[in-house]
Amino acid sequence: MTKTEPAQRRLREQVLDTGLCTGCGACVGNCPYFEHYRDAAVVLHACDLEQGRCHAHCPRTPTDLESLRGALFDLRDLTPELGALRGLYLTRASDPAVRARAQHGGTVSALTALALKEGWIDGLVQTRGQEDQQTAGTLVTDPADLAGGTGTRFVASPAVAAFNRACRGDAQRIGVVATPCQALAYAKLRTNPAPEAQAQAGKLALVIGLFCGWALSWREFSHLLGHRVGRARVLSTDIPPSRYQRMEVRTDQGTVEIPLAEVLPCVRPNCAACFDLTCEFADLSVGSARSEQGWEVDRGWNQVITRTEQGERLLDLAREKGCLEFREVPAGNLEKLKAAAVNKKRACIRRLEELSGAPGDWLYLSPDDPVLGELGHWDVK
Ligand SMILES: Cc1cc2nc3c(=O)[nH]c(=O)nc-3n(C[C@H](O)[C@H](O)[C@H](O)COP(=O)(O)OP(=O)(O)OC[C@H]3O[C@@H](n4cnc5c(N)ncnc54)[C@H](O)[C@@H]3O)c2cc1C
């Protein structure tokens, strides 16, 4: 029988040494051999295990997207551009206090609070930011503590490590808020038949996904902020639609606008190798809204895609309990979202071929995948 290379060595070769690491934390928290430092996974000790969750759950090790879609979603709901799609909605939290703290409409805050209060979950892994812009995943079990983790941290978060650690605690039904790379790690966990993975998967009760264009590298972004906002305390950051070409940084001394051209060099290089704009491997996914009313109105609303029966039931419950307000989705929004999602897939394939140096070698993705095979290889617009 041929011996397989240790999982840790394969992870190093395929992901850590090739610059594909997303910093999601999937390889951290299950064993003593990995840690997350600043915004990257770091190997602390060598490990000879042939099969390891570090490699199996990493979103950038070879991934069979077709079997993940088949295992986790109703095939009748699958669309090539956006993954499973049961409905598209425009929503916001009904409570103005929630909206005031939130990034956009506060839909994620409202849904996670509802899931905790109704006992759908008994803990939620949130991402929190620190003064120096580093991020950390935190398990929250009391709805009153959710407020500390609202808003978007554009620096990549090792939140999956917090989930891995939480699995060893008292919480039995854990919800997570996840970017697309984190959600893909959870999807790989769910479909990993190894007993220790299934024990963890049994505790993963809800995945709320976030749309994501890219995330920032902590080192570059903190350097840029130091230069642009000096000693002012950063309260929140946001990126309006691309036509504005800026990042808005709200500080205790006023709002600073940073041209997007200065922010883009801080984007993690691995984000160009991501195929997923709308967080396809979630129960439901939330992003900012778009309508003809313009950004000043839209920034207070969210666009929501429901993907599973559970995601749809949570949204229905939020409507029934009055936690969310709904607005009509403008005609054309779905097609615009699909076009943006396809562009990200095509750019990803182009980047993977640049990295591999070979047409048809998509590193962690398979050119036999029916969706990417159809959409991915056309020219990027
Ligand atoms: C890196 C990043 C890039 C994004 N890019 C886009 C985009 O291109 N287009 C778009 O429409 N939307 C994007 N979003 C999503 C958007 O910023 C909002 O999170 C979303 O609209 C939900 O708004 P809300 O008011 O419901 O959030 P809130 O109610 O404020 O809740 C926000 C939730 O996000 C969690 N969170 C914050 N930062 C992170 C992180 N780094 N990783 C994981 N979870 C986190 C918080 O813990 C909280 O649970 C991005 C989000 C992130 C984290």
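How many bridges join β5 to strand β14, and in which sense do the two strands run? Five bridges join strand β5 to strand β14 (residues 302–306), and the two run antiparallel; helices (H or I, at least four residues) and strands (E, at least two) are here DSSP runs, numbered from the N terminus, and two strands are said to pair if DSSP finds at least two bridges between them. The model is a predicted one, in which local features need pLDDT of at least 70 and side-chain atom pairs count only at pLDDT 80 or more, whereas totals for chains, interfaces and linings use all residues. Residues are numbered from 1 along each chain as its sequence is written.

Within the pairing of β5 with β14, the bridge partner of tyrosine 89 is valine 304 of β14. Strand β5 also pairs with strand β15 (residues 324–327), in the antiparallel sense and over four bridges, and here leucine 90 has arginine 327 of β15 as its bridge partner. Five of the seven residues of β5 (residues 87–93) are buried, so this strand is largely enclosed by the rest of the structure; a residue is taken as buried if 20 or more other C-beta atoms lie within 10 Å of its own, as exposed if 12 or fewer do, and as partly exposed in between, with C-beta atoms placed from the backbone.

The protein chain is divided into domain 1 (1–217 + 267–381) and domain 2 (218–266), the bounds being those of an automatic or database domain assignment. The centres of the two domains, taken over C-alpha atoms, are separated by 24 Å. Contact between them involves 14 residues of domain 1 and 13 residues of domain 2, where two residues are in contact if their C-beta atoms, placed from the backbone, lie within 7 Å. The side of domain 1 that touches domain 2 has five nonpolar, six polar and three charged residues; in this classification Ala, Val, Leu, Ile, Met, Phe, Trp, Tyr, Cys and Pro count as nonpolar, Asp, Glu, Lys and Arg as charged, and the others, Gly among them, as polar.

A further set of strands is formed by β10, β11 and β12. Strand β10 (residues 234–238) pairs with strand β11 (residues 246–251) in the antiparallel sense over four bridges, with glutamate 248 of β11 as the bridge partner of aspartate 238. Strand β11 is in turn joined by six bridges to strand β12 (residues 254–259), again with an antiparallel run, and a hairpin of two residues connects β11 to β12. In this pairing, the bridge partner of arginine 250 is threonine 255 of β12.

Around the ligand there are 30 residues, of which Ala102, Ser109, Thr127, Gly213 and Gly287 come nearest; a residue counts as near if its C-beta atom, placed from the backbone, lies within 6 Å of the molecule. The elements that give two or more residues to this shell are α5 (107–117), β6 (123–129) and β13 (284–288). By class, the shell has 10 nonpolar, 19 polar and one charged residues.

Among the helices, α3 (residues 65–72) has Leu65, Arg69 and Leu72 as its buried residues. They cover an arc of only 85° around the axis, which puts them on the same side of α3, the arc being that of the directions from the helix axis to the C-beta atoms. The face of α3 turned away from this buried side carries the exposed residues Ser67 and Ala71, while the cover over the buried residues of α3 includes β3 (78–79), β4 (83–84), α7 (180–190) and α14 (370–375). In helix α1 (residues 7–16) the buried residues are Ala7, Gln8, Leu11 and Val15. These cover an arc of only 90° around the axis, which puts them on the same side of α1, and what covers them includes β2 (40–43) and α2 (53–56).

Two loop residues have a backbone feature that merits separate mention. Most residues other than glycine have a negative phi. Glutamine 133, although not a glycine, has a positive phi of about 80°; glutamine 133 is found in the loop between β6 and β7 (135–140) and is buried, with 21 other C-beta atoms within 10 Å. Leucine 363, in the loop between α13 and α14, likewise has a positive phi, near 50°, and counts as buried with 20 C-beta neighbours inside 10 Å.
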